[in-house]
Amino acid sequence: MTLNYYCIDAGSQYCPCHLAKTDNCLICSMLQGKDTCDCRWQGICVYQEYIWAGGKIEERKLLSVPVIEKNFVTDKLVTIKIFIPSASLVRDYNQPGAFAFLRPENSLEYYDVPLCVMDVDESKKIINFAVNIVGPKSKAIARSENKVLIRGPYWNGLFGLKHIKSSYNKHWLIIGRGIGQASIIPVVKNLLRGNNKITVLLDCGNIKVNLAEDELKKLGITPQEFDLNTTFHKMRLREIIEKDGVDFVYSGGSDVQHKFIQNVLNKLSFSIPLIISNNHQLCCGEGVCGSCETLIDGELIHFCKIQLRSEQVLGG
Ligand code: FES
């Protein structure tokens with residue numbers, strides 16, 4: 001079976017990319033070194049764009065930006081607000097699934113930490129990130145005082161973006177657990193613009209705090225506290241999905257959580273699309289380093305760039 005996927009960057013200002021230059025484009029057969037056109041048509045011709053650009057590619061910028069607020073929520077969790085001077089760049093970050101690589105100023109590239117955008121204030125040009133402090137990279141970024149280096153924006157932080165962007169007047173069940181809660185605010189904000197009904201379940205998980213709660217309340221949503229490890233709440237989750245007329249489910253959390261929700265959905269007599277956060281190891285974000293590659297149905301998938309259905313990602 002040929003996988004039906006698309007590249008998140010195709011058609012954006014960052015297409016064509018390094019993969020086109022090295023005959024590794026994920027979409028265009030001509031830019032894979034073949035002689036014939038047999039592309040995954042996404043509404044644009046990447047080959048034509050490449051020729052028109054004279055083989056040039058637009059790089060994502062590495063910026064040194066001020067940290068304007070840092071808040072240790074717990075000893076293992078810090079939120080960092082940064083200021084980005086460009087309004088258009090801030091707008092590019094204001095998307096569900098957006099993420100960036102951050103590292104302390106004066107540190108080497110391998111200190112880059114991929115962090116999903118937790119919230120964006122476009123009017124003040126401020127972007128908020130949450131960092132779960134676990135290892136050398138996250139400890140280093142948590143210690144950053146005045147400035148950080150940011151590279152981005154990248155957009156493949158979740159799978160199923162097209163459902164979020166095209167949803168209107170639907171009922172969404174949003175489940176955020178642990179640091180996975182950091183991904184849900186941009187999703188909720190986008191869905192609110194489409195007049196969708198939103199039910200949010202928050203499980204604090206390992207971080208021991210419901211990171212998204214305050215912002216959700218500001219948006220007029222009262223989240224329900226959940227503990228997905230308890231039988232009671234697992235049953236309650238099934239009940240909400242089966243009886244509350246849910247049209248879509250977004251899961252922001254671990255793959256274990258995604259799979260549990262997928263199993264619940266698989267048992268229904270009707271189908272509900274599951275949209276999930278991207279938990280793959282991301283290193284370059286450009287499809288170049290290979291750290292996010294996984295073989296699916298005989299095809300090498302770069303999860304930093306490829307949008308697939310959740311069941312293909314989870315293998316269910
Ligand atoms: S993160 Fe480097 S190839 Fe995907």
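**Working through a predicted model**

A search of the whole structure, which is a predicted model, turns up 0 disulfides. Here are a few exercises to go with that.

**Exercise 1.** Work out whether Cys284 and Cys292 are buried or exposed.

*Solution.* Start with the cut-off: buried means under 20% relative accessible area. Cys284 comes out at 15%, so Cys284 is buried. Cys292 has 4%, so Cys292 is buried too. Now recall that a disulfide is a covalent bond between the sulfur atoms of two cysteines. The search finds 0 of those anywhere in the structure.

**Exercise 2.** Trace the barrel and find what lies across its strands.

*Solution.* Go round the strands: 6 of them close up in the order E2-E3-E6-E5-E4-E7, with antiparallel pairing. On average, neighbouring strands in this sheet are turned by 45° against each other, direction ignored. Next, zoom in on one pair: E4 (residues 99-104) and E5 (residues 113-121) run antiparallel and are joined by 4 bridges. Within that pair, Phe101 has Pro114 in E5 as its bridge partner. Last, add helix H4 (residues 136-143), which lies across E2, E3, E4, E5, E6 and E7 and runs at about 75° to E4.

**Exercise 3.** Describe the surroundings of Gln224.

*Solution.* First place Gln224: it sits in strand E11 (residues 224-225). Then check exposure: a relative accessible area of 29% falls between the 20% and 50% cut-offs, so Gln224 is partly exposed. Now list contacts, skipping neighbours within four places in sequence: Thr199, Val200, Leu201, Leu202, Arg236 and Ile240. Finally, take Thr199: it is 25 residues from Gln224 along the chain, with 8.1 Å between their C-alpha atoms.

Technical notes: Residues are numbered from 1 along each chain as its sequence is written. This is a predicted model: local features need pLDDT of at least 70, side-chain atom pairs count only at pLDDT 80 or more; totals for chains, interfaces and linings use all residues. Side-chain values use heavy atoms; hydrogens and water are left out. Two strands pair if DSSP finds at least two bridges between them. Helices (H or I, at least four residues) and strands (E, at least two) are DSSP runs, numbered from the N terminus. Axes are lines fitted to C-alpha atoms, for helices over the stretch in contact, and angles run from 0 to 180 degrees between N-to-C directions. Contact means heavy atoms within 4.5 Å. A disulfide is a pair of cysteine sulfur atoms within 2.5 Å. Buried means under 20% relative accessible area, exposed over 50%, partly exposed in between (1.4 Å probe, protein chains only).
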